[in-house]
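Hi,

Here is the structure I promised to pass on. Have a look at it first, and then read on for what turned up.

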Amino acid sequence: MRRLSSSLRLRLTGAVMMPLTALVLVFSVITALVNHNTEADTVDRVLVGSVRTLSLAYNSPPADQKRLVPLVIHLLQRRARPVVHYSVYRGDTLVAGDPSLKPPADYRADWDGVTDRHPPATFKNAYRKTPLVRGYLDPADAHYVTQAAYLRSGTLHGKPVRIATEMRRAYGDDRLIAIQIADYLDDRSAYERLFLRQVLLVGVAVLLVTGLLFWWAIRWGLRPLSDLTGQVEAARREASPAFRMEMAEATPVEIKPFVAAFNGLMARLERATNSLRQFTSNASHQMRTPLAVARVHLDVLDRYGAASPQGKAALQDIPHAIDSLEQLLRQLIALARSEEDGDMRMGPFDLSEVAADVIADRAAQAPADIEIGYDKAMVGPAMAVGQPGLAAELIGNLLDNAIRYNRPGGTVTVHLYRRDGQAMVDIDDDGPGIPEAQREKVWDRFYRMPGNSATPGTGLGLPIARALADRMGAQISLADGRTGRGLCVTIAFRAE
């Protein structure tokens with residue numbers, strides 16, 4: 001069963017929906033806070049406005065009070081936000097309203113001369129700057145107010161309430177009355193909870209609709225990848241390195257680099273497959289020759305015996321065939337090792353020590369008529385970047401080639417010098433050399449120049465050298481010999 005986490009559509013949807021969900025939650029919290037503040041401000045405005053309206057009714061003559069007070073109460077109870085809890089006290093005497101809504105503890109019917117013991121309620125008005133006198137438009141309405149309307153918290157019938165209180169002298173009365181209007185806080189909380197639930201439901205609905213739309217959008221957006229997958233799946237049934245993805249004109253620009261990279265990889269794989277096929281064919285052909293020679297000589301021994309002239313000649317030729325086969329196998333192994341992708345640590349090393357060791361080893365094995373020289377055009381170590389073992393194998397391989405294909409009595413000289421900060425090695429010989437027209441072909445595996453068939457070889461020496469140089473990041477090139485004849489192979493190692 002496929003795990004859900006492996007679905008790209010789910011990953012993309014989750015990548016979008018998770019921050020969107022966080023945004024919805026943040027929006028819901030902000031909306032709830034704004035609604036809470038707006039609701040509190042609105043209710044407070046209603047309470048303060050209502051207590052002032054009722055206060056103005058008691059600022060009328062007694063005859064008008066009997067008519068205005070019930071009318072004001074009637075209007076307050078039938079507005080959009082009805083006010084149903086109120087009280088008017090004159091000292092300890094309830095004038096009107098709910099007796100449970102007691103005046104504040106600092107209320108006294110006899111005025112002590114202190115005005116606005118509590119800061120009056122004020123509200124921000126960002127659109128108009130209406131001049132008010134302690135909350136009233138007409139300064140005469142505030143003349144007998146000793147405590148302008150203010151807000152406080154309290155308890156009514158065992159439940160928390162918000163109370164607006166104003167104290168004033170009623171018309172024609174020397175004593176103060178306390179006018180109060182209250183609103184239960186649980187009503188406000190219930191409204192806020194209902195509003196928050198509605199906001200959350202809307203947010204969930206938005207998330208669901210957005211998720212479905214985004215899922216469909218991703219499916220539509222990934223259709224080009226599905227088409228490419230279909231091409232690969234169809235090609236898998238008849239696998240071929242020659243397969244290439246095809247791009248339609250409407251292919252998104254983001255996918256084109258992937259298709260180009262994939263086709264480049266397939267082209268590289270095709271070249272590698274063809275190279276491996278050619279390499280296998282050439283290797284089998286090269287191995288067949290010394291094996292066939294050895295088999296023929298063994299047949300001669302079997303037919304004529306080892307004591308016969310034919311048998312003695314066969315015994316002399318069999319080691320040469322075995323040596324050729326051994327050299328071919330050794331070079332094939334070296335070529336495979338030079339191309340393997342194992343971890344090979346590169347670092348600085350003294351190239352002069354490596355070159356001296358290789359030259360000493362090859363000089364002891366070279367034919368007596370071949371002179372090997374070493375010219376170091378610098379004092380002290382010649383530091384290069386690479387791997388000493390690979391460098392030794394590279395220099396030794398080129399030295400073997402220079403010795404094998406040299407003329408009788410020829411010379412091979414190794415020059416070590418520095419140019420533009422790089423450690424350089426020249427392997428110079430005065431043999432027949434390689435014509436300039438052939439210098440690109442000799443890098444091909446198993447290629448042998450016409451006329452070299454008399455000299456034993458496999459055609460792998462220079463390809464192995466280039467593979468070793470590439471492995472270390474060194475550059476290798478061919479040129480005419482320094483004396484004007486022969487061949488000079490130059491290796492430019494990376495500088496430290």
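Let's start with the sheet. Five strands make up an open, antiparallel sheet, and going across it you meet them in the order β2-β1-β5-β4-β3. The outer places go to β2 (93–97) and β3 (145–156). Each of those two has a single partner strand, so one of its sides has no neighbour in the sheet. If you look at how neighbouring strands sit against each other, they are turned by 20° on average, ignoring direction. Keep in mind that this is a predicted model.

Now to one end of that order. Strand β1 covers residues 85–90 and runs antiparallel to β2, with four bridges joining the two. To find your way into this pair, pick out Y89: the residue opposite is L94 in β2.

Next, the backbone at two aspartates. D116 sits in the loop between β2 and β3, that is, between the two strands that stand at the edges of the sheet. Its phi is near 55°, which is a positive value in a residue other than glycine. Is D116 buried or exposed? Neither: its relative accessibility is 22%, and buried would mean under 20%, so D116 counts as partly exposed.

The other one is D420, found in the loop that links β9 (411–419) and β10 (422–429). Here too phi is positive, near 55°, and again the residue is not a glycine. With a relative accessibility of 76%, D420 counts as exposed, because the cut-off for that is over 50%.

Cheers

Terms used
Residues numbered from 1 in each chain as written. Predicted model: local features only at pLDDT ≥ 70, side-chain atom pairs only at ≥ 80, totals over all residues. Heavy atoms only, no water. Pairing = 2+ DSSP bridges. Axes fitted to C-alpha atoms, helices over the stretch in contact; angles between N-to-C directions. Buried < 20%, exposed > 50% of the residue type's maximum accessible area, 1.4 Å probe, protein only.
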